[in-house]
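Before reading on, please take a moment with the sequence and the model shown below. The paragraphs that follow move from one strand residue to the cores, then to the enclosed space, and finally to some individual positions.

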Amino acid sequence: MDILKIFGFFTPRNRRDFLPSSNSIHQNLVNNGTTNRQDGILISFFGFFRRRFRSGDKIDGGSRTDEEQKVYCWLYALAQSEKDLVFEYVRSTERGLSFTEAEKRLKEYGPNVPLEYTSSNWWQLLWNAFFHPFNIILIVLSVLSYITCDNPNGCIMLTLVFISVSLRFYQEYSSSKAAMKLSEFVRCPVKVQRCAGRFVQNEIIVQVDQRDVVPGDIVIFEPGDLFPGDVRLLSSKQLVVSQSSLTGESWATEKTAEVREEQSTPLLDLRNICFMGTNVVSGSGTGLVVATGSKTYMSTIFANIGKQKLPNDFEEGIRTISYVLILVMLLVVAIIIFADFFASHDLSRSILFGISVACALTPQMLPLIVNTSLSKGALAMARDRCVVKSLSAIRAMGSMDILCIDKTGTLTMNQAVMVNHLDSWGSTKEKVLHFAFLNSYFKTDQKYPLDDAILAYVYTNGYRFQPSKWRKMDEIPFDFIRRRVTVLLEKRSNSKNSQVIDRYMVTKGALEEVMKVCSFVEHVDRDYIRTFSNEDHQRILNVVEQLSNEGLRVIGVAAKSVQMIESGQSMDNEDIVEADMVFLGLISFFNPPKDSAKQALLQLAERGVKAKVLTGDSLSLAIKICKEVGIRTTHVTTGPDLELLSQHAFHETVKSATVLARLTPSQKLRVVQSLQTVDNHIVGFLGDGINDALALDAANVGISVDSGASVAKDLADIILLEKDLNVLVAGVEQGRLTLGNTMKYIKMSVIANVGSVLSIMIATIFLLYEPLTPKQLLVQNFLYSMGQIAIPWDKLEEDYVKTPQRWSVKGLPMFILWNGPVCTLCDMATLMFILFYHYAHDEKDMTFFRTAWFVEGLLMQALIYHLIRTEKIPFIQEVASWPVLCSTVLISAVAIAIPYTVIGDVMGFVKLPLSYFVFLVVLFIAYFTVGQIVKRLYILVYKNWL
């Protein structure tokens, strides 16, 4: 059963205590942190925090919400208490709850149901795509255009809004359908011990739905069962539990009821507490449910899903620009309407002209350019086997400067590779490999990855163990209780006088389980066998510890010679057959990194993206992997160490550490938030488990994989269909390309529009008539907007792509103040040339003036992009992409040709003399010269351009 698909995320229901308020013991445990001494047990919660408050600073690494703190206090109290006291705390008995009491508690606490995190509906995606500041501005202006009977202009603006909204909605909706939805909570039957009887209470075992389990219930569990809540163990038999849903660790954890824990033990290492969301791998036992629903450890730490995202810098910047443009629009349009009315005394005409100017001031193509750029990036990433659920995540990837990686399955190949074969003294011995090979070769049960690794090692290294000379007689298959497999083998050899039959029983499996059945140990070098002593046991553990510190996994190998198997004797009695074995040695394995991981991380580093590993695995294993893939391991730390740090020390440690191991889900969240808030980084997080969900939700870019947990995929912004980090390199480049082209358009359009509108305002006041009619102004604006459609297909300079790029709205006003006047200066030069060279002074010459102004304005707006798009000299040092060049040539040709066409006659244009075009050539050369000088001065002062 896939537990990752069973548990959704939990959000608190109504705030309740774990148990009724009448339970004073529970209140003391949670609120005061102490118990009554007369119980014979002193459980001091202050001792747990004394070492955390050694310094005078506020603790940050171990800081928790009130709800989390209550859970911690409650579980630590139960872990330290005797079983009889635990029953008293939970107000239950060794017989279990009665049916009446269970029903009462079910009404009080509610169903034991984790609440799902729900993804956005289609109408929410549509609303998000529609509710853009510039979309609202365009809609308002289109309504005003319809009111003033300017239907073509209103239709154009509504069309732009429709295309922009449709692009974004289609991409995000189709991506959300491509991503698997969060699995519904599965109703699992749970074995519960209840007591019943009117006069004599008897224990009975019943199956209840998981929704109906309440605190105080005694549950019985076996291999494959899920824990329906947080459970204090009452009894256990060789119990092994998988906590990968919480910790991310690939290895299972042994649990036992026969222990009282210390306050210094990390919560997830408590051996007598099992947590909701974890499952039984092997063994069996009983446990007392101490918390259900929203009061479990798992649900408490996931209560803030959806509340962790920081505001999007780009969206905030766009919103700020929109407000500024609205204020400028109101001011400038009011002045223009007043000046025009003063000259024409026609209010409706003046208002229509004012609306046209407002349309010219608005970057109408911004939503379309942004969404086209994002959709283009999403399609490019789709070709690299990615599903982009949130288009804005592509832009965020362009700003990302730190990538946090959950090591499990991301950096590694998820397949074991055999490393060495050692005897109990740590020396390489071929005999250990020989018997391990025979065990893996002849076992008929399912071949596990470790068996494949052993066989591959033997074949690739040229060993010739001649399995054809052996014959398998019997087998005891692997199971999750014994955690070992045994085969009985026979080998016939000929001596001088007779045939010799050698029979061996070979066992391979979990080291602890193999050592349990060993009574002897072999010294291979000296060729003798001696009794397995405590000294041998400790020496083997020391060797294993050293191997574990190197990030290796270890299994044990044992064998014994069996001279005679009586006819009909069965191997069903495992305890007798698997006994008095001779311990031979160890086989070590390693989960190697992917071949592409090192190259991808190097490419990310070259692009300014630093990698940090945030994992629930052990520190030694994480360090081993990181060294293999080239991540520096000079600064490392663990979750338990972080809990002891002050606020300042916590942030400094997170800043410098590249490997953070044994992290809980909430600690991963705090690490991400520390990087975002204290150091102002844009953080991406790559993870695939439930334990990564909080960090995925909080990160600026959440990245998961197709094989990950459903919850992780629901919260992720990008889903990788293949676990290949090279896809992220391409994603970073696409993000920077998208952000760069968007920034080009925003800065270019704001400068061009503001400069043009200021020129129109000055010309209106100076000439006392409209420099362009509303129709001419709208056509000019429409043609200019159409010319910008090619911007998403523009290219960027290599230097821009190599470094993370951040949106900063603070620099935009200064950018406008430096570059805007250059546009206005050119317009004023055109105004002076027309007035004094062509003598267009009065209204008789309005037609000529408007034609000349229309052509100059459209050419200026078509060419200004090339000056803004690069730090270098346009057309000489840097040339735009061919779609942009074609667009510029086309719009320029249209601008020059319109006065000579029928459309020009309809628009009220006249033919322009050749001398005017000569002037325009000189004007634009001067514009590019002055603009380039201003650009270099701006870069010299502010150290950047886009």
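Which residues does valine 506 touch, not counting residues up to four places away in sequence? In this predicted model, valine 506 touches Phe435, Asn439, Val485, Thr486, Val487, Leu489, Ala558 and Ala559 once those neighbours are set aside. Its place is in strand E14, which covers residues 499–510, and valine 506 is buried, with a relative accessible area of 0%. Valine 506 and serine 561 are 55 residues apart in sequence, while their C-alpha atoms are 8.9 Å apart in space.

The wider setting of that strand can be put in terms of the protein chain as a whole. The secondary structure of the chain comes to 34 helices and 24 strands, and 56% of its 946 residues count as buried. Among the contacts in the chain with a separation of 6 or more, 76% are accounted for by residues 24 or more positions apart. The accessible surface of the chain comes to about 40,500 Å², and carbon and sulfur atoms hold 57% of that surface.

From these totals we can turn to the nonpolar interior. The largest nonpolar core has 147 residues, and those with the most contacts inside it are Leu403, Leu411, Phe583, Leu586, Leu720, Leu920 and Tyr927. Helix H27, residues 726–767, gives the most to this core, with 19 residues. A second, separate core has 26 residues, including Leu438, Ile454, Val506 and Ala559, so that the valine of the opening question belongs to this second core, for which being buried is a requirement met by valine 506 at 0% relative accessible area. Returning to the largest core, leucine 403 is one of the residues with the most contacts inside it; leaving aside neighbours within four places in sequence, leucine 403 is in contact with Leu604, Val609, Lys610, Ala611, Lys612, Gly684, Phe685, Leu686, Ile703 and Leu728.

Where is empty space left inside the model? Rolling a probe the size of a water molecule over the atoms shows where such space is left. The structure holds nine cavities of 30 Å³ or more, and about 110 Å³ of space lies in the largest cavity. Of the 13 residues that line this largest cavity, the closest to its centre are Ser756, Asp827, Gly857, Met860 and Gln861. Helices H27, H30 (812–837) and H31 (846–868) each supply at least two residues of the lining, and H31 gives the most, with six residues. By class, the lining has five nonpolar, six polar and two charged residues.

Two residues of these helices can be read together. Tryptophan 853 is found in helix H31, and serine 759 lies in helix H27. Are they buried or exposed? Tryptophan 853 has a relative accessible area of 4% and serine 759 a relative accessibility of 0%, and because buried means under 20%, both count as buried. Not counting residues up to four places away in sequence, tryptophan 853 touches Ser759, Ile760, Ala763, Pro771, Leu772, Gln780, Asp827, Met828, Leu831, Ile834 and Tyr916. On the same basis, serine 759 touches Thr824, Asp827, Met828 and Trp853. Tryptophan 853 and isoleucine 834 are 19 residues apart in sequence and 8.8 Å apart in space, C-alpha to C-alpha.

Another buried serine is found in helix H24, residues 665–677, where serine 674 lies with a relative accessible area of 1%. Serine 674 touches Phe650, His651, Val654 and Asp679, not counting residues up to four places away in sequence. Its C-alpha atom is separated by 8.6 Å from that of phenylalanine 650, which is 24 residues away along the chain.

The last two positions concern the backbone. Most residues other than glycine have a negative phi. Glutamine 466, in the loop between helix H16 (449–460) and strand E12 (470–476), has a positive phi near 50°, and this glutamine is partly exposed, with a relative accessible area of 42%. Phenylalanine 875 likewise has a positive phi, near 70°; phenylalanine 875 is found in the loop between H31 and helix H32 (882–897) and, at 40% relative accessibility, counts as partly exposed.

Methods
Residues are numbered from 1 along each chain as its sequence is written. This is a predicted model: local features need pLDDT of at least 70, side-chain atom pairs count only at pLDDT 80 or more; totals for chains, interfaces and linings use all residues. Side-chain values use heavy atoms; hydrogens and water are left out. A nonpolar core is a set of buried Ala, Val, Leu, Ile, Met, Phe, Trp, Tyr and Cys residues joined through side-chain atoms within 4.5 Å. Buried means under 20% relative accessible area, exposed over 50%, partly exposed in between (1.4 Å probe, protein chains only). Helices (H or I, at least four residues) and strands (E, at least two) are DSSP runs, numbered from the N terminus. Contact means heavy atoms within 4.5 Å. On a 1 Å grid over the protein atoms alone, a cavity is a set of points where a 1.4 Å probe fits but cannot get out, and a pocket is an open set with protein on both sides within 12 Å along at least five of seven lines; lining residues have an atom within 4 Å of a point. Grid points are joined across faces, edges and corners, and a volume is the space filled by probe spheres set on the points. Ala, Val, Leu, Ile, Met, Phe, Trp, Tyr, Cys and Pro count as nonpolar, Asp, Glu, Lys and Arg as charged, and the others, Gly among them, as polar. Accessible areas come from the Shrake-Rupley method with a 1.4 Å probe; for residues, only the protein chains shown count as cover.
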